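Hi,

Here is the structure I promised to pass on. Have a look at it first, and then read on for what turned up.

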Amino acid sequence: MNSRKQAMDKADTLIEALPWMSRFHGRTVVVKYGGNAMTDPELQDRFAETVVFLRYAGLRPVVVHGGGPQIKAHLERVGLESRFAGGLRVTDEATMDIVRMVLVGQVNRDIVGRINRHGPFAVGISGEDARLMTAERKPALVDGEPVDIGLVGEVVDVDAGVVATLLDDGRIPVVSSIARAEGDGETVYNVNADTAAAALAVGLEASKLIMLTDIEGLYADYPACEELISRLTASELEALLPELASGMVPKMEACLRAVRGGVPQAHVLDGRTPNSMLLEVFTNDGVGTMVVAEADQPLGGVPA
Ligand SMILES: Nc1ncnc2c1ncn2[C@@H]1O[C@H](COP(=O)(O)OP(=O)(O)O)[C@@H](O)[C@H]1O
Ligand SMILES: CC(=O)N[C@@H](CCC(=O)OP(=O)(O)O)C(=O)O
């Protein structure tokens, strides 16, 4: 292909993004950045660039990050084992200290640093700050039975004021999934980052929730992975939930919570594919899995 043709194609690509830029201008998009999607430094830089791109394109991105593998690595270093029940980390006090240190002190700082190479945008906060997230202790459900898993919280209240203020100031909030208990103000909970992202998306009345992970989307036939579900409604997802393997349960429950809470679309995308977020937001090429509230909701394409 000659260089003039290449240049023309690039210009076409840019102009094709116009309807989506206009549709999402000024809209809030919550991006959950999973620990498994952030293992490669090059991909981390691409993630930061993409978030800054969204900001310059007129959207209001909010990042909620995980860090499961990073927590696991640190626990191993101090001789503690990672245990999960129903997709959630069993969290005693010693584990909670490490979860908080790794998420707030390490993973959050890394993401903020990478984004801020492009400008003074990212501000790191924890769900504890300004009472952003309040949580209650939550047991895991294993075979339908509640099992105590320690200091794990379910978000019961979101005061999104601090995030809204940062967004109004043109910043990119980067949020760690830690929350305070109501009342004594001393107990701190480990909140699954998918759950935190969904709660925040609802609290912010976001236009989209994007879950970046290490797989193309939700597979109907996991682990064979031949049948990717590109779109499903909240009620279809609800019927599927009891059959899902535990890793996907918090993620898909979070998508359900978001759309039931008024977020028009929740997406599970492959964070290992550098451009999946751009394709999802700015083109009609459906990637990953999209969850919508109702069957008759448009595919996420450009409105008439
Ligand atoms: N039905 C399914 N479709 C896709 N992935 C699944 C499914 N069931 C279980 N998984 C597993 O869930 C993983 C994603 O969840 P998780 O590891 O918690 O990601 P993250 O760290 O991004 O939150 C996938 O890598 C895959 O191994
Ligand atoms: C309760 C619970 O499971 N909390 C998670 C919080 C981090 C997280 O969710 O990280 P990913 O998004 O990378 O999985 C944990 O301790 O691993």
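The shell around ligand 2 has 9 polar residues, 5 nonpolar ones and 1 charged one. Keep in mind throughout that this is a predicted model. The shell comes to 15 residues, and those that come nearest to ligand 2 are Gly35, Gly66, Gly68, Arg89 and Ala193. Helix H4 (68-77) supplies at least two residues of that shell, and so does strand E4 (88-89).

Ligand 1 has its own surroundings, with 18 residues around it. Gly34, Thr213, Tyr222, Ala245 and Gly247 are the closest of them. By class, you'll find 8 nonpolar, 7 polar and 3 charged residues in the shell around ligand 1.

Now for the main sheet I'd like you to look at. It is an open sheet of 8 strands with mixed pairing, and the order is E5-E10-E2-E1-E13-E15-E16-E14. Strand E5 (122-126) and strand E14 (231-233) are the edges, each pairing on one side only. On average, neighbouring strands of this sheet are turned by 20° against each other, direction ignored.

Two helices go with this sheet. Helix H3 (residues 41-56) packs on it and touches strand E1 (28-33), strand E2 (60-65) and strand E10 (172-176). The direction of H3 makes about 150° with that of E2. Helix H6 (residues 161-168) lies across E1, E2, E5 and E10, and runs at about 150° to E10.

If you zoom in on E16, which strands does it pair with, E14 in the parallel sense and E15 in the antiparallel sense, and how many bridges are there in each case? Strand E15 (residues 265-270) and strand E16 (residues 289-292) are antiparallel, with 4 bridges, and Gln265 stands opposite Val292 there. On the E14 side, 3 bridges join the parallel pair E14 and E16, with Leu232 opposite Val291. E16 is also covered on both faces: Thr289 and Val291 are buried on one side, Met290 and Val292 on the other.

There is another set of pairings to look at, built around strand E6 (residues 133-137). With strand E9 (residues 153-158), E6 runs antiparallel and shares 5 bridges. With strand E11 (residues 178-181), E6 runs parallel, joined by 2 bridges. Thr134 turns up in both pairings: it stands opposite Asp157 in E9 and opposite Arg180 in E11.

Last stop is the interior. The largest nonpolar core has 85 residues, and Val30, Ala197, Leu200, Ala201, Leu209 and Cys255 touch the most other members. Take Leu200: leaving out residues up to four places away in sequence, it touches Val30, Val62, Val64, Val158, Ala160 and Val175.

And why is helix H7 (residues 193-203) described as largely enclosed by the rest of the structure? Because 11 of its 11 residues are buried. Among them are Ala193, Asp194, Thr195, Leu200 and Gly203. Ala193 is worth a second look, since that residue is also listed among those that come nearest to ligand 2. Just after H7, Glu205 takes a positive phi of about 50°.

Cheers

Technical notes:
Residues numbered from 1 in each chain as written. Chains lettered and ligands numbered in written order. Predicted model: local features only at pLDDT ≥ 70, side-chain atom pairs only at ≥ 80, totals over all residues. Near = placed C-beta within 6 Å. Nonpolar A, V, L, I, M, F, W, Y, C, P; charged D, E, K, R; others polar. Pairing = 2+ DSSP bridges. Axes fitted to C-alpha atoms, helices over the stretch in contact; angles between N-to-C directions. Contact = placed C-beta atoms within 7 Å. Buried ≥ 20, exposed ≤ 12 C-beta atoms within 10 Å, placed from the backbone. Core = buried A, V, L, I, M, F, W, Y, C linked by C-beta atoms within 7 Å.
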